[in-house]
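I set out to record, entry by entry, what I looked up in this structure. The entries begin with the confidence of the prediction and go on to the chains, their contact and the packing of helices.

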Amino acid sequence: MDDQGRAFLEAAMPHLDVVYRVARHTTRDHHHAEDLVQETYLRAFAAFGTHRGPSTKAWLVTICLNLARSQGRRRARRVVETGMPEPYEPEAPGVSVAEEALANIDRAAVSRALAQLPDEQRQAIVLMDLAGHSASEVAEMLGCPRNTVLSRAFRGRQRLASLLVEEDMKP
Amino acid sequence: MTCPEERVIAFLAGELDPEEERRFDQHLLGCEECWRAVKADRAARLALEQMRQPAPAGLEGRVALAIALASQEASNSPVARAGTGAPSLLRWATARPHRPRLVAAASLVVVMAAGAAGWLVADRPAADPPQLAAVVAMMAPGSAPTSALRAGEHFVIAGQALMVRAYQLEGTEELVATSAHPFPVPSSSRMLPGSSSQAWMATKGRLSMYGVNRRGGGQSMFLVAAMPMAEMPQMAARLDLI
């Protein structure tokens, strides 16, 4: 491998976990997520010479999102950016959130609940809470106002908590 | 919500000034709706923390191999000739011991890189396409179906989507890769005459390779097997893939 390849791996591989998390919750299953990660890294490698941004992580995640969106993968979930405010339905009153119970809830249950969220809410949560980006970074990646990102993440978490409580109350 | 959502969001983001925050704290004592929203947000964040899991063990090796092959194609110099291919991959993969899964990934990379390098050691005038190198690497001794590169799955290598399948015909194992796009043709291959397709054959040690690229669309095919090269077209026809 040449110097360019080694330099790329040194810069990009520390972010593999984050890129995989984003890919995993943008596609239907882990096989497609792994394909998407590999393609992301190959695209990034091809453009590595022109990468001048301050954050390699944000750059990789943006490539991953663009690939997932533009390729129209047959089995991928659609990643939709409408820029329109989403209708907000308050959660049913009377459902109280048991923080301790939700903190220990099964990872698979969280994954299922996450998959039930509207695309734009799940995307905001994945980019902020799983990938560790700030609201400003996510706003730049998605090309939408920062307040929209915060609102989507907030509404998504409200819905997620409600879904997890429902899951936890199942017999 | 009855109360302005923006205030709750700003409170949760820690963006209220001290006076506003003090007032919102007071508000929370009397507003059940806002208190429930704050608790739900925190609970969801707690639950999401456990979703920060690492990538699967084999993925690092798979991505590293793909980049190594793409890098080799870009520089157009055979890995073996440069003399840095497998060792540099190994060095890279093992240089970060704080990632335990690299033990498995590193051994995978060694096997994969050894397979690819072995192929390139043969007398070939130029680097071969990474798509073909990856499929051939799967046929190399000890590297056949692994957790990171298994037959029967879809791969994207150097930007080309491949489906790779393993077949057993008359006691011979072969790997067949199909793609909606034509495969790149190795520089040292022998072209075969054909009116509706571009076909070529090549050898690497005990392995024979045969490729058929459909003109004007349709599935293209690349076949690797440990069998006489002359039998490859007949074998490919029996697979009934294209």
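Entry 1, confidence. I looked first for stretches of low pLDDT in this predicted model. In chain B, residues 77-126 stay under 50, and the model has 86 contacts beyond four places in sequence for them. A second stretch of chain B, residues 143-148, is also below 50 in pLDDT, with 18 contacts in the model beyond near neighbours in sequence. I note the general caution that predicted coordinates should not be read in detail where pLDDT is low. For chain B as a whole I found an average pLDDT of 70, with 66% of the residues scoring at least 70. For the complex, I noted the predictor's ipTM of 0.78 and pTM of 0.57.

Entry 2, the chains. I counted nine helices and zero strands in chain A; read along the sequence, the pattern is α-α-α-α-α-α-α-α-α. Chain B has nine helices and seven strands. I then looked up burial: 46% of the 171 residues of chain A count as buried, and buried residues make up 40% of the 242 residues in chain B. Among contacts with a separation of 6 or more, residues 24 or more positions apart account for 74% in chain A and for 57% in chain B.

Entry 3, the contact between the chains. How many residues does each chain bring to the contact? I recorded 43 residues from chain A and 46 from chain B. On the side of chain B that touches chain A, at least two residues each come from helix 1 (5-12), helix 3 (32-49), helix 4 (59-75), helix 6 (85-94) and strand 1 (153-157). By class, I listed this side of chain B as 27 nonpolar, nine polar and 10 charged residues.

Entry 4, helix 2 of chain A. I found eight of the nine residues of this helix buried, so helix 2 of chain A is largely enclosed by the rest of the structure. The buried residues include L16(A), Y20(A), R21(A) and R24(A). Helix 2 (residues 16-24) packs against helix 4 (residues 56-70) of chain A at an angle of about 25 degrees, with the axes 10 Å apart. The two helices are therefore roughly parallel to each other, the cut-off for that term being under 35 degrees. Their crossing is right-handed. I listed V18(A), V19(A), V22(A) and A23(A) on helix 2, which meet K57(A), L60(A), V61(A) and C64(A) on helix 4. These contact residues divide into seven nonpolar, no polar and one charged.

Entry 5, helix 3 against helix 4 of chain A. The axes of helix 3 (residues 30-46) and helix 4 of chain A come within 9 Å and cross at roughly 120 degrees. This pair is therefore oblique, and the crossing is right-handed. From helix 3 of chain A I noted L36(A), E39(A), T40(A), R43(A) and A44(A), which meet L60(A), I63(A), C64(A), L67(A) and A68(A) in helix 4 of chain A. By class, the contact has seven nonpolar, one polar and two charged residues.

Entry 6, helix 8 of chain B. Is this helix buried or exposed? I found 10 of the 10 residues of helix 8 (residues 130-139) buried, so helix 8 of chain B is largely enclosed by the rest of the structure. Among them are P130(B), Q131(B), L132(B), V135(B) and M139(B).

How values were computed:
Residues numbered from 1 in each chain as written. Chains lettered and ligands numbered in written order. Predicted model: local features only at pLDDT ≥ 70, side-chain atom pairs only at ≥ 80, totals over all residues. Axes fitted to C-alpha atoms, helices over the stretch in contact; angles between N-to-C directions. Parallel < 35°, antiparallel > 145°, perpendicular 65-115°, else oblique. Left-handed = near helix turned anticlockwise from the far one by under 90°. Contact = placed C-beta atoms within 7 Å. Nonpolar A, V, L, I, M, F, W, Y, C, P; charged D, E, K, R; others polar. Buried ≥ 20, exposed ≤ 12 C-beta atoms within 10 Å, placed from the backbone. pLDDT = per-residue confidence, 0-100.
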